[in-house]
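Trainee: Before the discussion begins, may the coordinates be put in front of us both?
Mentor: They follow here.

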Amino acid sequence: MIGSIILVLALACSTMAMVMYYLNFRGYKNTLNYGRISYHSMAMLVIVASTFLWYALLTHQYEYKYVFSYSNNSLTTGFLLASFWGGQEGSFMLWLLITSIIGIFLQSYTSKRDDLEPRVMTVFTLATTFLLLMVSPWFKNPFEFIWATPVFIDLKSINPDHLGLPFLKSFLFTDPNGGNSFIQANTELKNLLAGSGISFNQFIVDGRGLNPQLLNFWMQIHPPILFTGFGMTTVPFAFALAALMKNEYRDWIRQAFPWLLAGTGILGLGIMLGGYWAYEMLGWGGYWAWDPVENSSLIPWIVGLAGIHTLLVQRKSQNKGGIGKFAKTNLILCIFTYILVLYSTFLTRSGVLGDASVHSFVDPGMTVYLFLILFIGTFLLLGLGSIAYRWKSLTDEATGEESLLSRELALFTASVVLIASAIIVLVGTSAPLFGQSVDTFFYNEMQLPIAIIIGFLNGLSLLIKWKHTDKKDIIRKSIPSVTTAFVFTIALVLFGGVHDIILILLAFSMAFALIVNAEIAIKIIKGNRKMLGAYVAHIGIAVFILGVIGSSAYSRQVDVDLIKNETTTAFGYDMTFTGWTPIDNNTKYSFNIDVKKGDSEFKVKPVMYFSDFNNSLMRIPAILTLPTQDFYVSPVGYDEGTSNSNKNSKSISLKKGESTEFNGAQITFTSFNLGAETMAAMQEGRDFQMGAVFKLEKNGNEKDFELFRKSVGGKVEFTSFASEELDINIGLVSLSAGNIEITLSKLSDKSDDPSNHTKQEILSVSASVKPFISFVWIGIVVMVFGFFISMTRRLQESMKK
Amino acid sequence: MKNKYVFGGFIIVIFLGLMAYLFTQSNIQYQDDFVQVMGTSKTVKATGSWVKEKKYQIDNVNKTFTFFLVDDKGNEMKVVYDGTIPNNFESAVSVVVTGKYIDGYFHARDILTKCPSKYENQQVQTSTM
């Protein structure tokens, strides 16, 4: 209750701040302070609500549906804190929390710069109002109580002391497939429990837990960073609209510039951390799959990059006076960066991509779907509407004509190419909305030529001067870098085995970009280091793309079976599987492999375990990072070598009354055997057994027997029946409403071949080498570093006139 | 100003053309009717649910994973995937396989398992025994 109330109060404050700031913009002088107070109250309330959610998670208050659904008692403190964003409600909450905190800095920043504050904060508080509506009790509220919508709770999660309560019987349900029993939580149950003096926090003693794939260090930091990037895209949007409100397009460029740089840098880092998580956790060996969820955050990032380039041109061309070049382009790009963040949220949270993504966010319901459409619609209309409204005055103020060989045009072309790249990803990612889908080669084939152009443009634009450059001058200046890049590429073809013409071109263009940037960076490093940002970022991008070429085009993979204590060689690595050790309190198994490469010896330990959360076998790869490449070992399966000896067994499922034939005998499933006692035991959570009665018939001889499904101390066991005389073994595999499954085998099969008894443990792995994958990570880190150098420089400039 | 439009326009036209061409080349349709899946030689994304009664098989020698899918109308189809069983397969409520139907079975090159339990509540069919 408290959490919901705080959020509703915050919503009121946010709306209040918006109204007060807007009134101040319209000329009511005395409302500015009310706007500030309301905004800070809102931000404080959001921080308090978030702290409260963290507190509820840390203290296991399972009466909250969110806490029950995404955490449990066994999570460590770090993961309990991370389960804050384990589900949809919490990730909206995280987005809101970060946006609110950004707003505190934004308020202070804008209050120091002219009359910016009321306009920027009006737009910004509109965004926080929408986010607050999202987490309000009407939509995706993380503080919803567990009984508000009926939730099924596994008997394991319920306090055994209370299982004897007589009224529980009418809330008990059984899943016909798995045979598990559940208690349905609803208001009626809550009232009955309250009547017995039991609260839901006492009734439920454990939660469902976090998806095991999220139990990774990177998952603790990737979402906060990504959402910081998302939240920061709100700021350039607010500045663009503020400019449109005032109908003044000069100053907002330098004021918004540091925010756009920081936001894009952080968003890029967040996206890549997600890629690193996929690489380290998912075991398919890559970091980018053109998955809709990945793509949808990539699109605003690329548009943001395009914006940086044209903002730079406008800023530079303002030196001549006037608003500068590309004023409309910049407004549109800053607006679309945020719209595309909202679109990304829509794609991943509305359930529209249900069939297309591994991140299967289930349909959140029609109201949330419509609300998300309203959210995007409002901001899209507001943005494009304002531009349309101001179109005439924008066109009047447009200036400039530049020569073909000017840096302005090179930067603009870079922007156009980046936008083309974003459109490709957008088209491919949106295709599922229309029942279409594209193969990943669509992205790869389209992005490769773009990357080549980017490389050449990147290098060339730095050799070209602002305004106009002499052709001879460029040729003279580019000779050293072109020659070096050429030599590098020839070496790559001769010694690196690169033969694909597109990749050769890409390597050449990136080497060219890298060298030109490095050359300039080295010159600058002795002078004014603040100017380094762009060069550092571009070096990062070039290194990143070279890493992408190496790790994806030249990655090789092979599936191998490792027999225990025997050495198998793949790609020059000698692998010896030496056995497994249980880790994490016997819940997981680490498979030890000794790896030898030349004279160096390493140990890698891929992990496999069975997860109760999603009832599946989880596999975690092991990565051996060497200077020039990664050796990636992903577990596939493990065979103890005992059970597979019996190849003539047969498994079959039977309904009541059906029969099957095996080894000349007729087996009929006649009835279930469930006593009243069984039912009572089930409901009270005691040990119980359910029986299935069979008739076995051969040559006129009949025999009845019974197989049991026993539930002992929460564990399920099945019995089997063997007949020496008929040479048959019948084992029960599953038993649920109306349906059972049995395995049939000959007893004689087991003892025919003594060699079957020598255990031969086999670990199947998929091994691969990823050349220069470290360049991918290094490139991104260098790029982000460059963004921040630029940001500090532009932050200082933002104060100047 | 003229240069800008000539340059930009040129790039846009080329890329839109290339994109439209590649889009048609790489387009994969969703298909939840297995009769249609079996009738076409194109690559499709077939959506269905796993037939639990027919157990899946993991062939460690040929590295294949074989199972049966059923569509909403009850048509069953054998699926062979070159690889191993994906995580979450057993608990998937629906399975999306990408590939082609040739010679009596579906050759999948990609399997996507959809598990409601991942981010949302596990729905349990209500029936008392």
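Trainee: In this predicted model, how far apart are the end C-alpha atoms of helix H13 of chain A, given its 32 residues?
Mentor: Helix H13 of chain A covers residues 366-397, and a rise of 1.5 Å a residue leads one to expect a span of 46 Å. The value computed from the model agrees with that expectation. The end C-alpha atoms are apart by 45 Å.

Trainee: On which residue is the kink in H13(A) centred?
Mentor: The axis of H13(A) bends by about 60° at the kink. The residue at its centre is A:Trp391.

Trainee: Which residues of H13(A) are buried, and what covers them?
Mentor: A residue counts as buried when 20 or more other C-beta atoms lie within 10 Å of its own. In H13(A), A:Leu372, A:Phe379 and A:Gly383 are buried. The cover over the buried residues of H13(A) includes two helices of chain A, namely H9 (217-246) and H12 (327-349).

Trainee: How far apart do the C-alpha centres of domain 1 and domain 3 of chain A lie?
Mentor: Chain A is divided into domain 1 (1-143 + 204-210), domain 2 (151-197), domain 3 (563-643 + 760-771) and domain 4 (650-746). Domain 1 and domain 3 are thus each written as two segments. The distance between the C-alpha centres of these two domains of chain A is 44 Å.

Trainee: Which strands stand at the edges of the open four-stranded sheet of chain A?
Mentor: The strand order in this sheet of chain A is E4-E22-E12-E11, and the pairing is antiparallel. An edge strand has a single partner strand, so one of its sides is left without a neighbour in the sheet. From one strand to the next, the twist averages 20°. The edge strands of chain A are E4 (556-563) and E11 (622-625).

Trainee: In E12(A), what is the bridge partner of A:Leu624?
Mentor: E11(A) and strand E12 (residues 629-639) of chain A run antiparallel and are joined by four bridges. They form a hairpin with three residues between them. A:Ile623 stands opposite A:Tyr632 in E12(A). For A:Leu624, the partner in E12(A) is A:Phe631.

Trainee: What is the average twist in the open sheet of three strands in chain A?
Mentor: This sheet has the order E1-E3-E2 in chain A, again with antiparallel pairing. Strand E1 (151-154) and strand E2 (172-174) of chain A have a single partner each, so each is left without a neighbour on one side. From one strand to the next, the twist averages 40°.

Trainee: Which residue of E3(A) is the bridge partner of A:Ile153?
Mentor: E1(A) is joined by four bridges to strand E3 (residues 181-185) of chain A, and the two run antiparallel. The partner of A:Ile153 in E3(A) is A:Ile183.

Trainee: Of the contacts in chain A with a separation of 6 or more, what percentage is accounted for by residues 24 or more positions apart?
Mentor: Chain A has 20 helices and 22 strands. Its C-alpha atoms fill a box of roughly 105 × 75 × 40 Å along the principal axes, and 46% of the 801 residues of chain A count as buried. The percentage asked for is 70%.

Trainee: In what order do the elements of chain B run from the N terminus on?
Mentor: Chain B has two helices and seven strands. Buried residues make up 33% of its 129 residues. Among the contacts in chain B with a separation of 6 or more, residues 24 or more positions apart account for 42%. The order of the elements of chain B is α-β-α-β-β-β-β-β-β.

Trainee: Is A:Asn565 buried or exposed?
Mentor: Most residues other than glycine have a negative phi. A:Asn565 has a positive phi of about 65° although it is not a glycine, and its place is in the loop between E4 and strand E5 (567-570) of chain A. The cut-off for exposure is 12 or fewer C-beta neighbours within 10 Å. Because A:Asn565 has 11 C-beta neighbours inside 10 Å, it counts as exposed.

Trainee: How many other C-beta atoms lie within 10 Å in the case of B:Asp103?
Mentor: B:Asp103 also has a positive phi, of about 50°, although it is not a glycine. B:Asp103 lies in the loop between strand E6 (94-102) and strand E7 (105-114) of chain B. B:Asp103 is exposed, and the number of other C-beta atoms within 10 Å is 5.

Methods
Residues are numbered from 1 along each chain as its sequence is written. Chains are lettered from A and ligands numbered from 1 in the order in which they are written. This is a predicted model: local features need pLDDT of at least 70, side-chain atom pairs count only at pLDDT 80 or more; totals for chains, interfaces and linings use all residues. Two residues are in contact if their C-beta atoms, placed from the backbone, lie within 7 Å. The expected span of a helix is 1.5 Å times one less than its number of residues. The bend at a residue is the angle between axes fitted to the seven residues ending there and the seven starting there. Domain bounds come from an automatic or database domain assignment. Two strands pair if DSSP finds at least two bridges between them. Axes are lines fitted to C-alpha atoms, for helices over the stretch in contact, and angles run from 0 to 180 degrees between N-to-C directions.
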